[in-house]
Structure formats: C-alpha cells, structure tokens
Amino acid sequence: MNTQKTALYDYHKSLGAKFVPFAGYEMPVQYSSGIVEEHKTTRSNAGLFDVSHMGQLLIEGNEDLVTELEKIIPTDLKKIKLNQSKYSFLMNEQGGIYDDLIITKVEKGFGIILNAACKDNDFKIIKHSIGNKFELTLYKNLSLIALQGPSSSKILEKTINGVSSLKFMNGNKFSYNDKNIYVTRSGYTGEDGFEISIPNELVENFAKKLISQGVKPIGLGARDTLRLEAGLCLYGHDIDESTSPIEANLKWAISKRRREEGGFPGYNKIKSDMNGSLSRLRVGVKPEGKIIAREGVKIFSKDNEEIGSVTSGTFGPSVNGSIAMGYVKINFSKPGTRVLLEVRKKIYGATISELPFYKKNYVR
C-alpha cells in the first residue's frame, strides 16, 4: 500500500520536518528545534499540528439517526446540543473499543473525528450498523489542523473573528477566504486550543498565516509527550479492542443515562466492570530517576508479583521527569502504591500516580 501524504506535506518539508510513517501516512515527527523545544512552545505560547490523517466523517439524517447511533456509541446523543462535541467510543460486543472518537452535533446530523488507523474500518462498522437510511461521507478534500497553547485564542481571533467566544468542546462554522471552515475549541495536549477543519486547497495558506504570527510547527513527537502529560490515551496503545472504557478509567465518557440503560454493544461487560468485577485499571506511573519505561515494560509489586505493564512512557518536559501509563491489577491501583519496573532486564522503583501528570488548561 502506498504511503499517503497530507495536503501540508510539502509545506512541512519546507519547514525542515523529519518524517516518519504513521497510520499509513508520512507525518512530521519533529522540526529542527526538536521535540522538547516544540513541547515547551506549545505549553507557553502556541503550536500548530497537522492532524489531517484523521478521519472526518459526516452522517446526515433525521431524528432516527440519534436512535441508531446510540446503538453503537455510548453517549447521550439526545442531550447533546447543536455544535457541542463529546469524547466517546465505537464499542464492540465484548465491551472493547473499536476506536475512541469526538462526536459533534451539526446542523445536518453528526460530525465524527476518527483515528487515522481505524477510520476505514470505523466507516464500515457504522455503515453496517445504521444501514442505508443515512448518508455517510468520509471526507478526502478536508484537512484538519490543531492550534494549541495559551496564546492560540488570541492568535486565531486575528484571522477568524469570533472564535475566542467558543467554549471548550464547542464549535461553529466560520468563513475563511470566502469558504466555510469548521472550528472547535478542543485538542489533545492539555492546553487551550482549536481544531480547524478546512478545505485542502486553503490549508497551506491558512497555516502560513498562523506561522507568520509566531506560531511554531509541532510534530508527532511532541504531540505524544503533551498528551501523555495530560493523561490522554493513544488508541492502539493505551486502549484497543480488548480494553473496556471502565478498565481504561474512562467511565466519565459513558453518559449517565447510557450507563444505567445500556443499549449499546458490550454493555454487559461495562455493567459487570462497574459492579465490582473490574480486575485491572489504567493508572499513571512515575519511575524513579531518569529511566524511561516504554510500552511493554512489565510492572511488579514490591513482592515481585507481576501485576501489569506499561502502555505509554516518555520524558515529560513540563514535569521534568519520567512518566508512564499502564494497567495494573486493581488492588495495586491506588496512587502512592510502590511498584517495580523491569527495564532492559534491570529492576527500578516506581510509584503509582494520579492522572494527569500535568494540570489541564482548558477554557471552560
């Protein structure tokens, strides 16, 4: 299969990006200043991320669409307001997660942002589930960029009048160069920020305008360190088809009515997990010293019992230390619990930590 490129590929190249293959795309992993500097820039000012590899799906339909989508997505879609977004999941029958997603109520139905590696399969699952009564469009002609950081609102307002009045996890249609764009106040860094859905032919012009105002381009490397500090999951690593949202410590993302009523795939597993049969839980892990505990590192109790494993690990520039996430047996999941990590056949101490490692700065 040929590696795909986003509409900003040549622009990334001109900015000195180093590329890596990711989810079938050639994506910028970092620029000349390096991952740590890009991370700090996003936390202190504003960074621009190309996330156009992700799927942008529009499902158009009438009131029946809510009923049909609630059969596969455990969100209270009856309560969601126009232009409001929710973090949710596409569930399987075993209570696992086909994908985590952002669903937004728009004028004609619902817009859904899907993970790049899952988007084609997600489309098939949704299409099969809701049948042919509704129109599904997985856009190829739209780019998605994220402007993230404490200065992002002030900077974006200069280019798109009115965006600074958006609340967190809410969006709206705006105009740029006489074309419709859709902006949501959201992101995956733990900072205030925006995601902008924009036609491919306009995205480079738009990106250049932001860069000219002091915004720095940020690659996937810093995106990973930022989201991990904020305690956010990466699909295929921290959550997957074998993980229930309850195990993943994401119970809050299943609406209260849906937790009580069910009516979506895997509800029996979810109910069972909520009622005390949970055997493991996603936790934060703080290794001692300078060791980095990467994905796959085994976690042991202080009595040398194997109790889990790391799913994501890195150095956190904003917390100036090694951080990790993983799953441990439920009776070892309390913050402050001392554990051991096996890194390259040596044993190191660590502590179970609350998530996030870094306090989120969303504008509510």
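The paragraphs below lead through the strands, the enclosed spaces and one buried residue of a predicted model.

Because the model is predicted, local features need pLDDT of at least 70 and side-chain atom pairs count only at pLDDT 80 or more, whereas totals for chains, interfaces and linings use all residues. Residues are numbered from 1 along each chain as its sequence is written, and side-chain values use heavy atoms, with hydrogens and water left out.

A good place to start is the barrel. Six strands close into a barrel in the order 14-17-16-15-18-19, with antiparallel pairing, where two strands count as paired if DSSP finds at least two bridges between them, and where strands (E, at least two residues) and helices (H or I, at least four) are DSSP runs numbered from the N terminus. From one strand to the next the twist averages 40 degrees, angles being taken from 0 to 180 degrees between the N-to-C directions of lines fitted to C-alpha atoms, for helices over the stretch in contact. Within this barrel, strand 18 (residues 338–343) and strand 19 (residues 346–353) are joined in the antiparallel sense by six bridges, and Val343 has Lys346 of strand 19 as its bridge partner. Helix 7 lies across strand 16 (306–316) and strand 17 (321–329), and runs at about 125 degrees to strand 16.

Another pair of strands lies earlier in the sequence. Strand 5 (residues 85–91) is largely enclosed by the rest of the structure, because six of its seven residues are buried, which means under 20% relative accessible area, against over 50% for exposed and in between for partly exposed (1.4 Å probe, protein chains only). Strand 5 runs antiparallel to strand 6 and is joined to it by seven bridges, with Tyr87 opposite Ile102 of strand 6. The two strands form a hairpin with five residues between them, and in the turn Gly95 has a positive phi of about 85 degrees.

Strand 6 also takes part in the lining of the second largest pocket, as do strands 4, 7, 9, 10, 11 and 12, each giving two or more residues. On a 1 Å grid over the protein atoms alone, a pocket is an open set of points with protein on both sides within 12 Å along at least five of seven lines, a cavity is a set where a 1.4 Å probe fits but cannot get out, and lining residues have an atom within 4 Å of a point. The volume of this second largest pocket is about 780 Å³, a volume being the space filled by probe spheres set on points that are joined across faces, edges and corners. Of its 28 lining residues, Leu58, Val106, Tyr139, Tyr182 and Ser197 are the closest to its centre.

Turning to closed spaces, a search of the whole structure finds two cavities of 30 Å³ or more. The largest cavity has a volume of about 60 Å³, and strand 3 gives the largest share of its lining, three residues. The second largest cavity holds about 40 Å³ of space, and its lining includes Met27, Phe49, Asp50 and Arg223. Strand 2 (25–30), strand 3 and helix 7 (220–229) each give two or more residues to that second lining.

Finally, Glu68 is found in helix 3 (residues 64–69) and is buried, with a relative accessible area of 13%. Leaving aside residues up to four places away in sequence, Glu68 touches Ser129, Ile130, Lys133 and Phe134, where contact means heavy atoms within 4.5 Å.
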